[in-house]
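This report goes through one structure, from the overall fold to single residues. The sequence and the model are shown first.

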Amino acid sequence: MKITVDTSLCIGSGTCALTAPGVFDQDPEQPVVVVLDDAPPEAQREAVELAVNSCPAAVIRLIE
Ligand code: SF4
């Protein structure tokens, strides 16, 4: 599982950091996502899929 995010289109909602806090965080200096782990373990799949499906800007991609 590999994650990519188009940070140029992130609107900084923070939804991903709430749904998968071990994988995503937010930059304290600017409202944009920080990917903490771009190749998370399978145990994180459900949370990552929820983050992908919940992102209001639809900028998170999950590559199998
Ligand atoms: S959920 Fe989407 S728009 Fe919101 S901070 Fe995460 S990547 Fe950015």
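How much of the protein counts as buried? Of its 64 residues, 20% do. The model is a predicted one, and the sections below should be read with that in mind.

## Confidence

The mean pLDDT of the protein is 96. A value of 70 or more is reached by 100% of the residues. Strand S2, residues 24–26, has the lowest confidence, with a mean of 96, and H2 has the highest, at 98.

## Fold and dimensions

Two helices and four strands are present in the protein. Their order from the N terminus is β-α-β-β-α-β. The radius of gyration is 10 Å, close to the 11 Å that the globule rule gives for 64 residues, so the protein is as compact as a globular protein of that length.

Along the principal axes, the C-alpha atoms fill a box of roughly 30 × 20 × 15 Å. When contacts between residues at least 6 apart in sequence are considered, 60% join residues at least 24 apart.

## Nonpolar core

The largest nonpolar core has twelve residues: Ile3, Val5, Cys10, Cys16, Ala20, Val23, Phe24, Val33, Val48, Ala51, Cys55 and Ile60. Strand S1 (2–5) supplies at least two residues of this core, and so does helix H2 (45–54).

Cys55, one of the core residues, touches Thr15, Cys16 and Ile60 when residues up to four places away in sequence are not counted. Cys16 and Ile60 also appear in the list of core residues.

## Ligand surroundings

There are 15 residues around the ligand, and Cys10, Ser13, Thr15, Cys16 and Cys55 come nearest. By class, the shell has eleven nonpolar and four polar residues, with no charged ones. Cys10, Cys16 and Cys55 belong to the largest nonpolar core as well.

## The loop between H2 and S4

Proline 56 is placed in the loop between H2 and S4. Proline 56 counts as exposed because it has 10 C-beta neighbours inside 10 Å. Apart from neighbours within four places in sequence, proline 56 is in contact with Ile11, Ser13 and Thr15. The C-alpha atoms of proline 56 and isoleucine 11 are separated by 8.1 Å, with their positions 45 residues apart along the chain. Ser13 and Thr15 are also among the residues that come nearest to the ligand.

Alanine 58 is in the loop between H2 and S4 too. Its phi is positive, about 55°, although alanine 58 is not a glycine. Most residues other than glycine have a negative phi. Alanine 58 has 11 C-beta neighbours inside 10 Å and therefore counts as exposed.

## Strand S2 and the C-terminal segment

Glutamine 26 lies in strand S2. With 17 C-beta neighbours inside 10 Å, glutamine 26 counts as partly exposed. Its contacts, leaving aside neighbours within four places in sequence, are Gly12, Gly14, Ala17, Pro31, Val33 and Val34. Of these contacts, Val33 is part of the largest nonpolar core. Glutamine 26 and aspartate 38 are twelve residues apart along the chain, and their C-alpha atoms are separated by 14 Å.

Glutamate 64 is in the segment after strand S4 (60–63). Why does glutamate 64 count as exposed? The reason is that glutamate 64 has 4 C-beta neighbours inside 10 Å. Glutamate 64 and lysine 2 are 62 residues apart along the chain, while their C-alpha atoms are separated by 6.3 Å.

Methods: Residues numbered from 1 in each chain as written. Predicted model: local features only at pLDDT ≥ 70, side-chain atom pairs only at ≥ 80, totals over all residues. Core = buried A, V, L, I, M, F, W, Y, C linked by C-beta atoms within 7 Å. Contact = placed C-beta atoms within 7 Å. Near = placed C-beta within 6 Å. Nonpolar A, V, L, I, M, F, W, Y, C, P; charged D, E, K, R; others polar. pLDDT = per-residue confidence, 0-100. Rg over C-alpha atoms; globule rule 2.2 N^0.38 Å.
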